[in-house]
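Work through the exercises below with the coordinates open. Each task is followed by a stepwise solution.

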Amino acid sequence: VMIEGFANVDCGPCPQLTTNLLQLTADPNYGPGRVSFLEFSVSWPNFLDPFFRANVQENTDRYTTYQVQGAPTLVVDGAFVEPPLDFDLMRGAVDAALAGDPGVLVDVSADLSAAAAAVSVTLTPLRDIDLTGHILYTALYEELVVVDPAPGSNGQTEFHHVFRDRVDVPPVLGPLTAGTPQTFEIVLDRGGSDPDNAVVVAFIQRTSDRAVVQAGSSAVSRDAPAALFAPGPPPATPEGQRP
């Protein structure tokens, strides 16, 4: 499931959005093999928000794609969650999305050693699937950015999953044949970000209604158990143990 948040350093309730996202993804049932999130910056109420100013064009492109009207805004697999700070509502939307069977896996690997990061995204169809009318959106984020003193009036000093760069021209997808993977080679700008603090996510998005079909992340080991990627609820784990 792909979650996208939209915030600004002068937005009073926006730190709560970050808190909710971290709380959800800290739960092993919603780890990187099942849920990813990106936080974009909007240009209001503070046009000088440093995260917005770091990539004005692509932050603007993303919030205009969804026609975001306010901050904070929360989007789960391409659909708005209202109100955006309702944790149980967010978790319910994620659970509903996890219950679906997209019929395709998204595997992301990234060499982040260079500022121009080399990324491979592989789509593996589990059955014949027609992805005509979909694009492959790929983006790089920083896991944690600390700015102290706070850069805005809301007092937030720790920022997570901060959007930095996206693919310039998202690949347009089409029909896939079961068992025949398709790989896309993409270059993203890591810039001055620490390679150990950078993550790449990729997701398949329908252009007509912005619905996200499936997502993947370089935070997931290629050796991760297949169960992490299976549709439906995660397997039961004894209390106190992490899978």
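**Exercise 1. Strand residue D111**

Task: Place D111 in its secondary structure element, classify its exposure, and list its neighbours.

Solution.
- Step 1. This is a predicted model. D111 belongs to strand β5.
- Step 2. The relative accessible area of D111 is 44%. Buried requires under 20% and exposed over 50%, so D111 is partly exposed.
- Step 3. Leave out residues up to four places away in sequence. D111 then touches A117 and A118.
- Step 4. Look for polar partners of the side chain. The D111 side chain makes a polar contact with the side chain of S113, at 2.7 Å.
- Step 5. Check a long sequence separation. D111 and S218 are 107 residues apart along the chain, and their C-alpha atoms are separated by 9.6 Å.

**Exercise 2. Overall build**

Task: Count the helices and strands, then judge how compact the protein is.

Solution.
- Step 1. The protein has four helices and 13 strands.
- Step 2. Its radius of gyration is 17 Å, and the globule rule gives 18 Å for 243 residues. The two values are close, so the protein is as compact as a globular protein of that length.
- Step 3. Along the principal axes, the C-alpha atoms fill a box of roughly 50 × 40 × 35 Å.
- Step 4. Of the 243 residues, 48% are buried.
- Step 5. Take contacts between residues at least 6 apart in sequence. Of these, 70% join residues at least 24 apart.

**Exercise 3. The buried side of α3**

Task: Find which residues of α3 are buried, and explain how they are arranged around the axis.

Solution.
- Step 1. Helix α3 spans residues 56-65, and its buried residues are E58, N59, R62 and Y63.
- Step 2. These residues cover an arc of only 130° around the axis, so they sit on the same side of α3.
- Step 3. Identify the cover. It includes strands β1 (2-7), β2 (36-41), β8 (134-146), β9 (158-166) and β12 (198-206), along with helix α2 (50-54).
- Step 4. Move just past the helix. Q67 there takes a positive phi of about 55°.

**Exercise 4. Nonpolar cores**

Task: Which residues touch the most other members of the largest nonpolar core, and which elements give two or more residues to this core?

Solution.
- Step 1. The largest nonpolar core has 22 residues. V121, L123, L136 and I204 touch the most other members.
- Step 2. The elements giving two or more residues to this core are β5 (104-111), β6 (116-125), β8, β11 (182-189) and β12.
- Step 3. Take I204 and leave aside neighbours within four places in sequence. Its contacts include V104, V106, L123, L136 and V213. The contacts of I204 also include H134 and Q214.
- Step 4. A second, separate core has 19 residues, among them Y63, V75, A139 and Y141. Y63 is one of the buried residues of α3.

**Exercise 5. The disulfide**

Task: Identify the cysteine pair and assign the handedness of its bond.

Solution.
- Step 1. The sulfur atoms of C11 and C14 are 2.2 Å apart. The cut-off is 2.5 Å, so the pair forms a disulfide.
- Step 2. The count comes to one disulfide.
- Step 3. The torsion about the S-S bond of C11 and C14 is about 90°, so the disulfide is right-handed.
- Step 4. C11 and C14 are both buried.

**Exercise 6. Backbone geometry**

Task: Locate the cis bonds at P72 and P83, and the positive phi values of H161 and R210.

Solution.
- Step 1. The A71 to P72 peptide bond is cis, with omega near 0°. P72 lies in the loop between α3 and β3 (73-76).
- Step 2. The E82 to P83 peptide bond is cis, with omega near 0°. P83 lies in the loop between β4 (79-80) and α4 (87-98).
- Step 3. H161 is not a glycine, and its phi is near 55°. This residue lies in strand β9. With a relative accessible area of 12%, H161 is buried.
- Step 4. R210 is not a glycine either, and its phi is about 70°. R210 lies in the loop between β12 and β13 (212-217). At 24% relative accessible area, R210 is partly exposed.

Technical notes. Residues numbered from 1 in each chain as written. Predicted model: local features only at pLDDT ≥ 70, side-chain atom pairs only at ≥ 80, totals over all residues. Heavy atoms only, no water. Buried < 20%, exposed > 50% of the residue type's maximum accessible area, 1.4 Å probe, protein only. Arc of directions from axis to C-beta. Contact = heavy atoms within 4.5 Å. Core = buried A, V, L, I, M, F, W, Y, C linked by side-chain atoms within 4.5 Å. Polar contact = N/O pair within 3.5 Å; in protein donor to acceptor, adjacent residues only side chain to side chain. Rg over C-alpha atoms; globule rule 2.2 N^0.38 Å.
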